[in-house]
Amino acid sequence: MKKQKKYSGVVVPMITPFTADGEIDIQAAHKVVEHIVAGGCAPFVLGTTGEAASVPIKGRRQFVEAMVKQTKGRCITYAGIASNCFQESVDAGKSYLDLGVDCVVANLPSYYPLHADHMLEYYEKLADSVGGPLMLYNITITTHMSIPIEVADKLSRHQNIVGMKDSERNEERMAESVKLWSNREDFAHVVGCAALSAKALALGSDGIVPSTGNFVPKMFRQLYDAAVKGDTVTAERLQKETDEMAKIYQGSRLLSQSLAALKVMMNELGLCGPAVLPPLVECREGEKAQIRQDMARLNVRKHAFED
């Protein structure tokens, strides 16, 4: 069994709870964080699942500060700093690290299409400017660009760049990445495509970042532990079970629709309200009813809260 890296394990891309009038619901956020940490996982706030691109800047620092106080050093805490404005990312990175976040995470700015050289220079400059642990974030579904492996490998030598969260659903790329970095103690590879969790860990990836972990974090912790121990039967069983649960809110939906559906599930479990921020739109009543039926069919509540 290889040595566990600092930035590894199960990292849950946490939803951001909102009140009906669009304010961050800190009280609900506390409940979600406790649920994640109790499940043996670490929270990643202000990521894609957290609707970070829609959250006003003025509310982000307050949210991050509350989350850091809540985790109280019990786990690694990650926070997203991505913005199309470079200085906003730098300011957020410095601020969040000062508040006690362990690692900041940034996907590419997505307004302009970028060449590989642009990506390399961007992340080098960001890492220099932030001055602390930075994780690369490859998410083609939102940026419409893929960080080439060779670019990420060059960036992996930067003293402040500690890993990459790769959400691109590409098994060949995943295998190549793990082969490059699995034995690197100073650079972690974590998979953001939850459906590839068991496969990635079997190859030697350092961690998984499943949005479904918002409501069943313990199942993903069990999946991770089984995979690390070489118990592929258990890992693959849990992969299939969590995949079925993920279909409840993902299914054939667009990302924007799936995030609203995920909030419905979290609301049904008493963890937060169903509110989302524009341009996202709350699910209609008929859709909510179907989600409730699917949750009951798969006994999601039992899996979410069982000891």
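These legends describe close-up views of a predicted model.

**View 1. Eight strands close into a barrel.**
The strand order is β1-β2-β3-β4-β5-β6-β7-β8. The pairing is parallel. Strands of a sheet pair through backbone hydrogen bonds, either parallel or antiparallel. The views of β1, β6, β7 and β8 below take up parts of this barrel.

**View 2. Strand β1 pairs with β8 and with β2.**
β1 covers residues 9–13, and five of its five residues are buried. With β8 (residues 207–208), β1 forms two bridges in the parallel sense. Here G9 stands opposite G207. With β2 (residues 42–45), β1 shares three bridges, and these two strands also run parallel. V11 faces A42 across that pairing. The chain gets from β1 to β2 by way of helix α1 (residues 26–38), in a right-handed β-α-β crossover.

**View 3. Strand β7 is covered on both faces.**
A188 and V190 lie on one side of β7, H189 and V191 on the other, and all are buried. In a regular strand the side chains alternate between the two faces of the sheet. β7 (residues 188–191) pairs with β6 (residues 161–166) over four bridges, in the parallel sense. Two of the facing pairs can be picked out by name. M164 stands opposite H189, and K165 has V190 as its bridge partner. Helix α7 (residues 171–181) joins β6 and β7 into a right-handed β-α-β unit.

**View 4. Strand β7 also pairs with β8.**
Two bridges link β7 and β8, which run parallel. V191 of β7 has I208 of β8 as its bridge partner. The chain passes from β7 through α8 to β8, and this β-α-β crossover is right-handed.

**View 5. Helix α2 spans residues 57–71.**
Its 15 residues should span 21 Å at 1.5 Å a residue, and the end C-alpha atoms are 22 Å apart, so the two values agree. The buried residues are G59, R60, F63, V64, A66, M67, V68, Q70 and T71. An α-helix has 3.6 residues a turn, so residues three or four places apart point the same way. The buried residues of α2 pack against α1, β2, β3 (78–80) and α3 (86–99). K72 follows α2 and has a positive phi, near 50°. One of the packing partners, α3, lies across β3 and β4 (103–107). α3 runs at about 160° to β4.

**View 6. Helix α9 spans residues 217–229.**
At 1.5 Å a residue, its 13 residues should span 18 Å; the end C-alpha atoms are 19 Å apart, which agrees. P217, M219, F220, L223, Y224, A226 and A227 are the buried residues of α9. Their cover includes β1, α1, α8 (197–203), β8, α10 (232–249) and α13. After α9 comes G230, with a positive phi near 85°.

**View 7. Cysteines C75 and C283 stay unpaired in a structure with zero disulfides.**
A disulfide is a covalent bond between the sulfur atoms of two cysteines. The sulfur of C75 has its closest cysteine sulfur in C41, 9.2 Å away, which is too far for a bond. C75 counts as buried because its relative accessibility is 16%. C283 is in no disulfide either; the nearest cysteine sulfur, in C272, is 12 Å away. C283 counts as buried because its relative accessibility is 7%.

**View 8. A cis peptide bond joins P278 to P279.**
Omega of this bond is near 10°. P279 sits in the loop between α11 (255–268) and α12 (285–297).

**View 9. H144 and N299 have positive phi without being glycines.**
Phi of H144 is about 60°. H144 lies in the loop between α5 (140–143) and α6 (149–155). H144 counts as exposed because its relative accessibility is 66%. Phi of N299 is near 55°. N299 belongs to the loop between α12 and α13 (300–305). At 38% relative accessibility, N299 counts as partly exposed.

Terms used. Residues are numbered from 1 along each chain as its sequence is written. This is a predicted model: local features need pLDDT of at least 70, side-chain atom pairs count only at pLDDT 80 or more; totals for chains, interfaces and linings use all residues. Side-chain values use heavy atoms; hydrogens and water are left out. Buried means under 20% relative accessible area, exposed over 50%, partly exposed in between (1.4 Å probe, protein chains only). Two strands pair if DSSP finds at least two bridges between them. A crossover is right-handed if, with the strands pointing away from the viewer, the path from the first strand over the helix to the second runs clockwise. The expected span of a helix is 1.5 Å times one less than its number of residues. Contact means heavy atoms within 4.5 Å. A disulfide is a pair of cysteine sulfur atoms within 2.5 Å. Axes are lines fitted to C-alpha atoms, for helices over the stretch in contact, and angles run from 0 to 180 degrees between N-to-C directions.
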